[in-house]
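Got the viewer open? Let's walk through this one a selection at a time.

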Amino acid sequence: MFFGNSILDAIEIKKSGGALSEGIIREVVAGFTSGDVPDYQMSALLMATFIQGMEYEETLALTRAMAESGDTYTFPDCVDKHSTGGVGDKISLTSLPIVAACGAPVAKLSGRGLGTTGGTIDKLESIPGFSVNLSRQAFERQVEEVGLAIIEAGDLAPADKEIYALRDTTGTVDSLPLIGSSIVSKKAATGAGHLLYDVKCGSGAFMKTPEDARELAELLVRLSESLGIRASALITAMDNPLGAAIGNALEVRESVRFLKGEHVPEDLAHEARLVAVRLLELKDIPEPERAVEESLSSGAAYEKLREFVRAQGGDADALDDLPVSGEVREVAAPGGGYVARFGALSVGRAALALGAGREKKGDAIDFGAGVEVLVKIGDEVEEGQPVARLYGVRQTELAERLVLEALDLSAGPVEPPPAILDSL
Ligand code: URA
């Protein structure tokens with residue numbers, strides 16, 4: 001049945017399991033973004049898509065249509081990375097200064113945190129004076145002169161923003177073609193020519209199993225390559241928080257410690273190095289492992305972070321001792337044993353309760369709030385030993401309960417799990 005009306009035709013075709021043409025997808029995306037296609041019709045199409053799925057060519061057409069729905073940038077020589085979101089994920093703050101110091105320029109548009117998932121933009125704004133709003137010219141100039149610039153994504157791929165908001169309220173978020181096209185459309189609009197996807201997997205992530213994470217990673221890489229972006233992916237663990245710090249200023253502090261060569265938990269140090277190496281590989285930079293180590297041991301990576309912070313109006317001297325909340329409360333182990341789990345989701349919720357994140361868009365956050373975990377999987381603890389520090393004044397009792405809920409102790413020794421689960 002055809003109505004000669006793109007959205008009705010699209011709903012009929014998808015409902016019966018057919019494939020949508022590129023033309024119809026473009027018309028529907030343009031119509032929804034301009035307001036001509038109402039929410040109820042788009043919701044019907046999203047649900048039909050959720051149930052019937054999409055062929056690869058349809059997913060690619062949807063990605064292209066959303067990528068081209070607003071402003072686009074072009075940085076063919078630049079690298080970028082994308083994480084599907086996790087708790088304590090400070091890999092952008094740690095790996096990007098390294099690759100910039102190694103001669104691979106970075107042009108990045110990032111988002112704010114929502115729920116338990118942090119956002120790089122909030123973390124950067126915890127640095128006094130730091131601005132995430134640069135004009136297009138200033139952004140391009142900084143990429144050229146400093147080799148590292150990060151701004152707020154703003155109005156990039158507006159069609160994705162509108163469609164994502166509708167998916168969020170119609171039970172249609174967890175559809176592989178819709179997730180893949182949503183992520184890649186924003187990356188394609190950002191315009192970097194070399195892209196690494198960090199697909200998080202585990203209880204604190206969107207993808208709960210390595211199989212699902214791999215399927216998403218394969219789709220992200222394939223869509224990117226079809227759009228002319230050189231891409232690869234890592235699948236990394238997100239059952240436990242990454243590193244020790246969760247919360248904006250706390251995470252910047254931990255990133256600074258890593259870049260200065262001070263001790264940080266091994267999962268963070270390993271993953272930050274590996275992401276940097278993989279980004280350099282995408283740029284064909286020779287001996288990437290050696291380049292990464294040299295940028296760290298010479299101080300060049302830390303100096304690049306300072307230069308980047310200064311260029312965006314931030315106080316680079318504040319990085320050495322970034323202020324965090326003065327209200328600190330320690331959480332004690334309820335018994336003895338070996339740490340078997342420090343669940344990312346509950347620790348993330350504790351940080352959120354303390355004010356480090358937002359329950360809903362637009363909520364004010366406390367940059368100095370968050371959680372520091374003092375033990376990692378496999379560590380032996382005694383009853384009463386501090387296992388976490390809570391920073392902040394909001395809902396401290398709830399945060400303590402959530403941290404205790406997150407902690408599982410085992411009577412026998414526990415092997416720390418691998419940080420990297422798969423790679424493509
Ligand atoms: N992140 C996105 O940007 N889009 C999705 O659909 C899911 C996660």
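Select I246 and V371 to begin: in this predicted model, I246 sits opposite V371, a residue of strand 9. Now widen the selection to strand 6 and strand 9 (residues 370-373), and you'll see them paired antiparallel over two bridges. Helix 15 (residues 344-354) is the next thing to colour: it packs on the sheet and touches strand 6, strand 9 and strand 11 (386-391). Look along strand 9 and you'll find the direction of helix 15 at about 140° to that of the strand.

Time to bring up the whole sheet. It's an open one of four strands, ordered 6-9-11-7, with antiparallel pairing. Strand 6 (245-246) and strand 7 (328-332) are the edges, each pairing on one side only.

Next stop, S181. Pick helix 9 (residues 176-190) and you'll find S181 in it. Is S181 buried or exposed? Buried, with a relative accessible area of 0%. Show its side chain: a polar atom there lies 2.7 Å from the backbone oxygen of P177. Then select T59, L62, T63, M66 and L223, which S181 contacts once neighbours within four places in sequence are set aside.

Finally, zoom out to the full chain, with its 16 helices and 13 strands. The radius of gyration is 22 Å, close to the 22 Å from the globule rule for 424 residues, so the chain is as compact as a globular protein of that length. Its C-alpha trace spans about 70 × 45 × 35 Å along the principal axes. Colour by burial and 55% of the 424 residues come up as buried. As for the surface, the chain exposes about 17100 Å², with carbon and sulfur atoms supplying 49% of it.

Key. Residues numbered from 1 in each chain as written. Predicted model: local features only at pLDDT ≥ 70, side-chain atom pairs only at ≥ 80, totals over all residues. Heavy atoms only, no water. Pairing = 2+ DSSP bridges. Contact = heavy atoms within 4.5 Å. Axes fitted to C-alpha atoms, helices over the stretch in contact; angles between N-to-C directions. Buried < 20%, exposed > 50% of the residue type's maximum accessible area, 1.4 Å probe, protein only. Polar contact = N/O pair within 3.5 Å; in protein donor to acceptor, adjacent residues only side chain to side chain. Rg over C-alpha atoms; globule rule 2.2 N^0.38 Å. Areas by Shrake-Rupley, 256 points an atom, 1.4 Å probe, with all protein chains shown as cover.
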